[in-house]
Amino acid sequence: QVQLVESGGGSVQAGGSLRLSCSASGNSDSTSCMGWFRQAPGKEREGVAGINTNYGNTYYADSVKGRFTISQDNANKMVYLQMNSLTPDDTAMYYCAARKWACYSGSLASSESWPYWGQGTQVTVSS
C-alpha cells in the first residue's frame, strides 16, 4: 500500500507561481512512477506531469510544458510540482498519483493505470 499526501495549493493571481508537494509513504516498490493530475469542475481528470523515480526522466502534458516542472527528493520520498506563469485555465484540484510501472509518454493519458491517489489540493488562479 502507498499513502500520498499533497500540500501547497492555494489562490494566486494569473502570472503567479505555486509549488505543490506530495509526500509518499508505504511500499516504495509501488512508486516507480509518480505524477500529478488535475480535475476542474465539470471536466475529466487530466494528467499533468510524471516522473520515473528510479531514473528521473519526466513527462508533461502539452498544456503545461515550459511552465510546470516535476521534481523529486527520493531520500525524503517527496515529489514536487513547480507551477509558473499560471493562468485561470490551471484552476483545478490537483492530485498526486503513483504506480509501480514505469512512466512513459502515454502514462498521463489515463488515470486508470494509477492505483494510488492523494486526497488532492486546490489551486485557484484568478485573472
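**Exercise 1.** In this predicted model, determine which ring the charged end of Arg19 sits over.

*Solution.* The charged end of Arg19 lies 3.9 Å from the centre of the ring of Tyr80, and it sits over that ring. A second arginine can be treated in the same way: Arg99 lies over the face of Trp114, with 5.5 Å to the ring centre.

**Exercise 2.** Classify the aromatic pair formed by Phe37 and Trp114, and decide whether each partner is buried or exposed.

*Solution.* Begin with the geometry: the two rings are 5.2 Å apart from centre to centre, with 75° between the planes, and planes over 60 degrees apart count as edge-to-face, which is the class of this pair. Next, locate the partners: Phe37 belongs to strand β4 (residues 33-39), whereas Trp114 belongs to the loop between β9 (92-99) and β10 (116-117), 77 residues apart. Finally, turn to accessibility: Phe37 counts as buried because its relative accessibility is 0%, and Trp114 counts as buried because its value is 2%.

**Exercise 3.** Repeat the analysis for the rings of Tyr95 and Trp117.

*Solution.* The ring centres are 6.4 Å apart and the planes stand at 80°, so this pair is edge-to-face. Tyr95 lies in strand β9 and Trp117 in strand β10, 22 residues apart. Tyr95, at 14% relative accessibility, counts as buried, while Trp117, with a relative accessible area of 25%, is partly exposed. Together, Phe37, Tyr95, Trp114 and Trp117 form one aromatic cluster.

**Exercise 4.** Describe the open sheet formed by four strands.

*Solution.* The strand order is β1-β3-β8-β7, with antiparallel pairing, and the edge strands are β1 (2-7) and β7 (68-73). Six bridges join β7 to β8 (residues 78-83), and Phe68 stands opposite Met83 in β8.

Notes. Residues numbered from 1 in each chain as written. Predicted model: local features only at pLDDT ≥ 70, side-chain atom pairs only at ≥ 80, totals over all residues. Heavy atoms only, no water. Pairing = 2+ DSSP bridges. Helix = DSSP H or I, 4+ residues; strand = E, 2+ residues; numbered from the N terminus. Phe/Tyr/Trp six-rings, centres within 6.5 Å; stacked < 30°, edge-to-face > 60°. Buried < 20%, exposed > 50% of the residue type's maximum accessible area, 1.4 Å probe, protein only. Lys NZ or Arg CZ within 6 Å of the ring centre and 35° of its normal.
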